[in-house]
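The exercises below ask you to read a structure step by step, with the sequence and the model side by side. Try each task before turning to its solution.

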Amino acid sequence: MLDSIRWLIPNVKEPTMMDVAICLVIIIVGWLVQHYVIKKIINWNVKHLEKKANPFYARVIEQFSRSIRYAFFMVVIFFSLSFLIEVSLFSSPKTQNLFISFMVFYVFKGIHDLLTYYTKNPSSFYSISKDQDLLTPFFLRISKVIVMLIALFTIASLWNFNLNGFLTGIGLTGVALAFGIRDTLGHVFGGLSVALDKPFQIGDWVATEDFKIEGFIEDINLRSTLIQTGDKGLVYVPNSYLVNRPLYNLSKRTKRKCELFFYVSTENSEDAVRKICEEIREQIYLHKKTDKDIIYVNIDEMRLSSFRMLIRFYVVTNDMGEMLEVKQDILFAMNQILEDAQILVAEHEKELWVHQEIVK
């Protein structure tokens, strides 16, 4: 049996039963130490760092815990096998490369576990970076792939593996995949554009230019955006669709526009009509929730038997309910003004005496 490994370790010696027993005892003791002693020491350090308000370092040690314990156990295995065959595995070139390969693997595994934790718990990462960004989970996922590739190339270089053919194959495969998934890549690049430009965030109320899609942003990922519509439905919209057409972010508004059209008879005198225009304008101006800079109350159209009065103003809010309350106040004030002035409404327009249009 030992002859089969002499190519790897030429000076290997035949072990006795006592050597085998001692080797097993060393391995068992090593496993117990890494599982009960080192694990408890690491957990104590994690709790200590959390109490000291150092959550990042606590997470680093916590996520490296498994790699540290496995690396220790690997050292124990190499030490016990060295005792068993009476040849140091740490000095033989090939076994030394094998040991270093394991250590490199565990180092990168710890980094990979740390990135995986923050990918699954991005809120913890935002508490460190102080910035919530769609690109953060993306870069964390990309970093995981990069870490695995660096680990692979590092271990391959230890064994003098020729990477030229491998890299060429990856390049050709990448070109073929990119051609096959070009539509998906378009959505991904659309997601990157959304992340970089930040036209909207989770919780924003958005609408396309034709208002066919309107609702609140529920989730944003690299391929699509989840929107909850007004009827509580959920729509998955590809990011490339959103970035290639005008999009209104209605949550960014600080004012809401109200526009009313009111029809009065041409039998009313010009002075009476001008007077009610001034009184309506004054009532809008006096309301504490309206914008004082832009208020229009004017006759903007004449028909055979009626004048059309345009009433346009802005409410300093982005809340629909609050805007409707202000609009209601103005309508009641208008009704009182009309009654006091005894203004005649256009007879044929009675059913549509107030035509309202809210521009979103």
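**Exercise 1. A residue in a strand**

Task: Which residues does V297 contact, leaving aside its neighbours within four places in sequence, and is V297 buried or exposed?

Solution. The model is a predicted one, and the contacts are taken from its atoms. Step one is the list: once the neighbours within four places in sequence are set aside, V297 is in contact with C277, I280, R281, I284, M309, L310 and I311. Step two places the residue, since V297 lies in strand β7, and in the pairing with β8 V297 stands opposite I311, which is one of the residues in the contact list. Step three is accessibility: buried means under 20% relative accessible area, and V297, with a relative accessible area of 0%, is therefore buried. As a last step, compare sequence with space: V297 and F261 are 36 residues apart in sequence, and their C-alpha atoms are 9.7 Å apart in space.

**Exercise 2. The surroundings of strand β8**

Task: Which strands pair with β8, and over how many bridges?

Solution. Begin with strand β7 (residues 290-302), which pairs with β8 in the antiparallel sense over 8 bridges; a hairpin of 3 residues joins β7 to β8. Within this pairing, N298 has L310 of β8 as its bridge partner, while V297 stands opposite I311. Then turn to strand β6 (residues 256-265), which runs antiparallel to β8 and is joined to it by 10 bridges. Here I311 appears again, as the partner in β8 of L260, so that I311 has V297 of β7 opposite it and L260 as a bridge partner as well. Finally, consider how β8 (residues 306-315) is placed as a whole: because 8 of its 10 residues are buried, the strand is largely enclosed by the rest of the structure.

**Exercise 3. The sheet of 5 strands**

Task: In what order do the strands of the open sheet of 5 strands stand, and which strands stand at the edges?

Solution. Reading across the sheet, the order is β4-β3-β2-β1-β5, and the pairing is antiparallel. The edges are taken by β4 (234-238) and β5 (247-249), each of which has a single partner strand, so one side of each is left without a neighbour in the sheet. From one strand to the next, the twist averages 40°. For one pair in detail, take strand β2 (residues 214-220) and strand β3 (residues 224-229), which run antiparallel and are joined by 5 bridges; in this pair I220 stands opposite T225 of β3.

**Exercise 4. Packing of the helices**

Task: At what angle does helix α2 pack against α3, at what angle does α1 cross α2, and what does each angle say about the relative direction of the helices?

Solution. Two packed helices are described by the angle between their axes and the distance between the axes. For helix α2 (residues 55-85) and α3, the angle is about 160° and the axes are 9 Å apart. Angles over 145 degrees count as roughly antiparallel, and α2 is therefore roughly antiparallel to α3. The crossing of these two helices is right-handed, and their contact comprises 18 nonpolar, 4 polar and 4 charged residues.

The reasoning is then repeated for helix α1 (residues 17-51), whose axis comes within 9 Å of that of α2 and crosses it at roughly 165°, so that α1 and α2 are likewise roughly antiparallel to each other. This crossing is right-handed, and the residues in the contact of α1 with α2 are 22 nonpolar, 5 polar and 6 charged.

**Exercise 5. Two residues to place**

Task: Where does D113 lie, where does Q342 lie, and is each of them buried or exposed?

Solution. D113 belongs to helix α3 (residues 93-120) and, with a relative accessible area of 17%, is buried; not counting residues up to four places away in sequence, D113 touches Q63 and S67. Q342 lies in the loop between α10 (320-341) and β9 (354-357), and its relative accessible area of 68% makes it exposed. Its backbone deserves a look as well, since phi of Q342 is near 55°, a positive value in a residue other than glycine.

Terms used:
Residues are numbered from 1 along each chain as its sequence is written. This is a predicted model: local features need pLDDT of at least 70, side-chain atom pairs count only at pLDDT 80 or more; totals for chains, interfaces and linings use all residues. Side-chain values use heavy atoms; hydrogens and water are left out. Helices (H or I, at least four residues) and strands (E, at least two) are DSSP runs, numbered from the N terminus. Buried means under 20% relative accessible area, exposed over 50%, partly exposed in between (1.4 Å probe, protein chains only). Contact means heavy atoms within 4.5 Å. Axes are lines fitted to C-alpha atoms, for helices over the stretch in contact, and angles run from 0 to 180 degrees between N-to-C directions. Angles under 35 degrees count as roughly parallel, over 145 as roughly antiparallel, 65 to 115 as roughly perpendicular and the rest as oblique. A crossing is left-handed if the near helix is turned anticlockwise from the far one by less than a right angle, and right-handed if clockwise. Ala, Val, Leu, Ile, Met, Phe, Trp, Tyr, Cys and Pro count as nonpolar, Asp, Glu, Lys and Arg as charged, and the others, Gly among them, as polar. Two strands pair if DSSP finds at least two bridges between them.
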